Each structure stands twice: as structure tokens, then as C-alpha cells.
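Colleague: I'm new to this one, so could we go through it together? I'd like to know what stands behind the labels people use.

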Amino acid sequence: MDQVPSQDVILPAPAGTPDDQGLTRRQALGLGIVGFAGAAALASACYRTLCAMRANKVAGGASSAAPGLPGAVPQPGGAAPAAAPAGKSASVFKQDAPTGELWELWQKRGWAREAKRYVTLGRNVQCQICPNRCLLEPGDRSHCRNRVNKGGKLYTLAYGNPCALHVDPIEKKPLFHFLPGSGAFSLATAGCVLRCLNCQNWDISQKKPEETKLATGEEIRPKPEGLVRLSDSGHARYSLFPEDVVAAAEYFQCASIAYTYSEPIAYYEYMYDTARLARARKIRNVWITCGFINEEALVDLCQYLDAANVNLKSFSDDIYRTLNEGALQPILDTLKTLKKNGVWFEVTNLVVPTYTDKPDMMRRMCDWLVKNIGPDYPLHFSRFHPMYKLTHLSPTPLDILLEARDIARNAGLRHVYIGNVRGVEGAEATFCPGCKKAVIERDVFSVTALRVKHGKCESCGKAIPGVWQDA
Ligand code: SF4
């Protein structure tokens, strides 16, 4: 999961679009206009970018229900329901579906839609999208917080109501072998299928849609150019349906749409419909995910996916259960399914001190990747920073990350990166597996040198695995 951006850079608008160049930095931030330093290939075309629209902040704090929501459901205090053991359904939020005026408003906005992929069992329903397999009685809310049983039907509450939007460099996902230097129109709704103790976007992933959006007041469905001019309350109220997302990606000159920040599996229907439309408009789709999804749902989605970054959080089922309330095997299955279906992917492993920093486990993970996936799919080791429920831990020591890189290379992986660090030589460079020269150099999220032509090393002609603009 890449982090919802902080609002720290302002860039001028691209030529030919309405501009905000007259705004002060403070005014611009107030309107939610932020930017990033464009990558080399796009250095001449500055992006106008959108802020992370966290309505829960607008609405008065990360841990409270949004004021003004009729019938807003209080947070179920303390721990969330636990994930399902293999073959069972996860615990869910009992009798927590929106009711009354709130439910009516959600439907009127178009934010509640009948879900895909569920079975009915009398008046009960069971979602088939992820291994949690939530079994819901009428009035219940799912483990991911985004689906509810209303009258014997399963509905998603996370359709057309993103709570975070941003134009990111594709390198931030991270995707290093996919259209380098391009922009990704990035979005998220509330909700997640896991419960990671170290979640960096917990203030949207561990929320219900009703805690991040407001269905009251006038309906706001902005045109792309209007997105950057929304007021804070507008951010909480606007809708962005699949056709709007695709139009916005085109307007902001993005090569791809990234489903990211929280967990897109939790907003599967919205992602699926958007991806299908984007494919028809020749915009690529990238999925930044924990990979905790059932095979049938993934195979169906794969027909519209162009790339993915899968967060392989550890190589231990026990640690998956304690750190993430997940399980290891479904993630390994996801990697195999992506490969089988021809979707380019890269793997991220966050090295969390005391949880996922054991050399032996790293070795087993890398051996499995080489044997089952092959040596060409990139692996990104990412540095942990104290976050959410693990603020008592220290950042990952650099020597552990360097050791992890050595382990991966020795196992045979050809493209190994270290992320979230500065000043480490070659940490984010791509080296040709033939002549060993650096073919892509990066500085944070910018591409500073690109020596891949038609998918091959410019020096020796060796093919570099990935998806390239000119290949
Ligand atoms: S996607 Fe959500 S509702 Fe469906 S099984 Fe997973 S956690 Fe439950």
C-alpha cells in the first residue's frame, strides 16, 4: 500500500488548463491542490494534482463518525472483528448497516450498489470476493466495513465515493518496471480486508465509507477541472463514478489509474467497473494490493489489469495472523494467478523490526519467489517507519535492509530494490541483467536517467522485464 501523500509541494497547472498559479501556497492547500516533482520523462509537463481528500478530517477527526450524518453508526470501539481462519467466514460488525435516512441518502447518491460475487443462503448472504468470506445476516456489515446485507441482498457502500485522490508518479506505488516516469491517477475509498498493526493509511483503511463521506446537502459531481476547486466540505460530498474517474485521468494526462492507498479489494465493484471503462479508453489499470483475494474474483479482474504491486507482508502464516489478521497462502496464490494471467507485477516486502526482519524468513521467501514466480519480477524491500499501533518500534536499521538485498540477490532475484531510504547507492536503480550497467536511475520518485529502449538495454540489447512505453 503506498501512502496517501502529504501536502507538501505545489506545482503550476499544465499549459492549457485553468490555472491556480495566482494562489498562495496556503490558499492552494486549503483547496486541496498539491503536486509532485514530475519524473524525467514528464519533466516538461507539470501536473496539477489533487489532495488526499480525507473527509473524516473535514468531518472532525479520524476516530469519530462524521458530524451531520443522520444515523451515523458509532465506531465499534476497540478491536475490529478478527479475520477468518481458513475455510471459515470472518467475524463481522453485527447489526451495523446504515438505516433510515442515511441508507436512503446513500442509495440516492448512487453510493450503494448491489455487490458482485455473493451467494444467498435464505435471508443471509456470503461474499465470495476475499478469503474472509463474510457471512452476513440482514443488517450486518462486513469485515472490510464496505458491504452490508440489506433485505437479503449484499450491497457495497463504496461505489463512486473516493475519500482520497491524487496524481502520483508510478514510481511511488512502487512500480519500477512499468511505464517509468508516467503519472497514475490514484484513488481510494474507505475500508480494508486486513487489520495491519503498521498500516500507514489506517485513517481511511480502518474506516467505514460513512466516516469518510457525507451524503447530506447538494449532490456534487465535479468535472475534472473542478476537482481542484472543491472546498473541504465539497471533498466530503462529491461523487466520482467510473466515467468521471476515467475523464479525470485523461484530463490530468495520466497513463494509468491506480487503485491504491486503502485496499481496492474492499471496493472491488468500483475498481472493476472503472477498470473496464479505462481499458476501453486505453488507460492502463494498476492495482496496489495486499493480494488477499479469491482466485475467481481475481481472474475476472485480471482481464482489465495491466500491473500490480502485491504487498507480501511476510513469509510466515503465524506472522500474517498476528501482524495483519490475514494468511500467507492466499497471497502466494495471487502471485501465481497474476503471472498465469499475464499481468505484470512487482512485490513489496515491508521489513518490520521484530516481525519480518529475520534473515531465514527472507531467504525462504526469496527462494519461493525464484522457484514459483521466476527471477525477473522485481522485489522491493521497504523500510518501516513507526506507525499506527507499532509506534513503539524503531525504523528498520539500514544494515538489515542491505542484508535483505544480498539475500534476495543471492537467491537469484535480478531486480531488488530498497525503498523509503535516502543516500544508499543503487537502492532504487535498475541494473541490466546482461551488462550490469544502470539502465534506470531514480531519485525518490523521479526518473533521472532512462536507458531502456524498446524494452532493451541501450548498451547491450538485453531485454529488461517489464512494460515499457515504446516496446
Ligand atoms: S471483500 Fe469484504 S465483504 Fe467480501 S469477503 Fe472480503 S472482507 Fe468480506
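Colleague: Which residues are exposed on the other side of α3?

Modeller: Those are G100 and K108. Bear in mind that this is a predicted model. A residue is called exposed if 12 or fewer other C-beta atoms lie within 10 Å of its own, and G100 and K108 fall in that class.

Colleague: And what makes residues of α3 count as buried?

Modeller: For that, a residue needs 20 or more other C-beta atoms within 10 Å of its own. In α3, residues 100–109, the ones that make it are W103, L105, W106 and R109.

Colleague: How do you know that they sit on the same side of α3?

Modeller: They cover an arc of only 160° around the axis, which puts them on the same side of α3. As for what comes next, α3 is followed by G110, whose phi is positive, near 85°.

Colleague: Why are β17 and β18 called a pair?

Modeller: Pairing takes at least two bridges between two strands. Strands β17 (residues 430–431) and β18 (residues 438–443) are joined by two bridges, so they pair, and they run antiparallel. T430 has I440 as its bridge partner in β18. Six residues lie between the strands of this hairpin, and K436 there has a positive phi near 70°.

Colleague: What makes β18 and β19 a pair?

Modeller: The requirement is at least two bridges, and β18 and β19 (residues 446–450) have four, so they pair too, in the antiparallel sense. R442 stands opposite V447 in β19. In this hairpin, with two residues between the strands, V444 takes a positive phi near 55°.

Colleague: What makes A307 stand out in the largest nonpolar core?

Modeller: That core has 121 residues, and A307 is one of those that touch the most other members, along with F185, A249, I257, A308 and F345. Helix α9 (residues 268–280) gives the most to this core, with seven residues. Contact means C-beta atoms within 7 Å. Leaving aside neighbours within four places in sequence, the contacts of A307 include L175, F178, V343 and F345.

Colleague: Which residues does the second core include?

Modeller: It is separate and has seven residues, among them C432, V439, V447 and C457.

Colleague: How many residues surround the ligand, and which are the closest?

Modeller: There are 13, the closest being C127, C130, C134, S142 and C144. The shell divides into eight nonpolar, three polar and two charged residues. Cys counts as nonpolar here.

Terms used
Residues numbered from 1 in each chain as written. Predicted model: local features only at pLDDT ≥ 70, side-chain atom pairs only at ≥ 80, totals over all residues. Arc of directions from axis to C-beta. Near = placed C-beta within 6 Å. Core = buried A, V, L, I, M, F, W, Y, C linked by C-beta atoms within 7 Å. Contact = placed C-beta atoms within 7 Å.
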